[in-house]
Amino acid sequence: MARRYQIALKHFKDIAASEQKGWPDHQWHGEIENCDVCSRPMKDEQFMIDGPAEAGPSPMWGNICVICACKYSPKVGWGKAQLYERDGDGIWRLVAGGPPA
Ligand SMILES: [Zn+2]
């Protein structure tokens, strides 16, 4: 695995680990085949970020991989970006940056 990928993965692993809240009922509905930015297949990815997918003051949002998220949406939080982790059944579960209670 490329070093750049390892660094990106660790960045989001740390965010997931430090998140205090949980959203057990929140999952992503719909298929995500590829990263919206780099087209990396998402089926083997651990994390998916729903957040800004381009630079600039009013970026479009997308479902993106850890590498692209490090570039465009490294900060996770409500209104910034949401972090999803794929479970054993292939369901993307919200693990960080969800709506406040
Ligand atoms: Zn990507």
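What radius of gyration does the protein chain have, and what would a compact globule with 101 residues have? The protein chain has 13 Å, which agrees with the value near 13 Å for a compact globule of that many residues. Keep in mind throughout this tour that the model is predicted.

**The whole chain**

Begin with the protein chain as a whole, where the C-alpha trace spans about 35 × 30 × 25 Å along its principal axes. Colour the chain by secondary structure, and two helices and four strands appear, which follow one another from the N terminus in the order α-β-β-α-β-β. If you then colour by burial, buried residues account for 30% of the 101 residues. Among the contacts between residues at least 6 apart in sequence, 50% join residues that are at least 24 apart.

**The sheet**

Select the four strands next, and you will see an open sheet in the order β2-β1-β3-β4, with antiparallel pairing. At its edges lie β2 (61-64) and β4 (92-96), each of which pairs on one side only. Going from one strand to the next, the twist averages 25 degrees.

Now walk across the sheet, starting with β1 (residues 47-52), which is joined to β2 by four bridges and runs antiparallel to that strand. To find a point on this border, select P52, which stands opposite W61 in β2. Then bring in helix α1 (residues 3-18), which packs on the sheet and touches β1, β3 and β4, while its direction makes about 95 degrees with that of β3.

Returning to the strands, look at the border between β1 and β3, where the two run antiparallel and are again joined by four bridges. Here D50 stands opposite Q82 in β3. The last border is that of β3 with β4, an antiparallel pair that is likewise joined by four bridges, and on it E85 has R93 in β4 as its bridge partner. Follow the chain from β3 into β4 and you trace a hairpin with five residues between the strands, in whose turn G90 has a positive phi of about 80 degrees.

**A stop at Q82**

Select Q82, which belongs to strand β3 (residues 82-86). Is this residue buried or exposed? Q82 is buried, because 24 other C-beta atoms lie within 10 Å, and the cut-off for a buried residue is 20 or more. Setting aside neighbours within four places in sequence, the residues in contact with Q82 are D50, G51, V76, L94, G97 and G98. If you also select R3, a C-alpha to C-alpha distance between R3 and Q82 comes to 24 Å, for two residues that are 79 apart in sequence.

**The nonpolar core**

Which residues touch the most other members of the largest nonpolar core? Select A69 and L83, since these are the two that do so among its 23 residues. The elements that each give two or more residues to this core are α1, β1, α2 (66-72), β3 and β4.

End the tour by centring the view on L83 and showing what surrounds it. Not counting residues up to four places away in sequence, L83 touches F12, I15, A16, F47, I49, V76, V95, A96 and G97. Displaying these residues together with helix α1, which packs on the sheet, brings the core and the sheet into one view.

Definitions and conventions
Residues are numbered from 1 along each chain as its sequence is written. This is a predicted model: local features need pLDDT of at least 70, side-chain atom pairs count only at pLDDT 80 or more; totals for chains, interfaces and linings use all residues. The radius of gyration is taken over C-alpha atoms; the globule rule is 2.2 Å times the number of residues to the power 0.38. A residue is buried if 20 or more other C-beta atoms lie within 10 Å of its own, exposed if 12 or fewer, and partly exposed in between; C-beta atoms are placed from the backbone. Two residues are in contact if their C-beta atoms, placed from the backbone, lie within 7 Å. Two strands pair if DSSP finds at least two bridges between them. Axes are lines fitted to C-alpha atoms, for helices over the stretch in contact, and angles run from 0 to 180 degrees between N-to-C directions. A nonpolar core is a set of buried Ala, Val, Leu, Ile, Met, Phe, Trp, Tyr and Cys residues joined through C-beta atoms within 7 Å.
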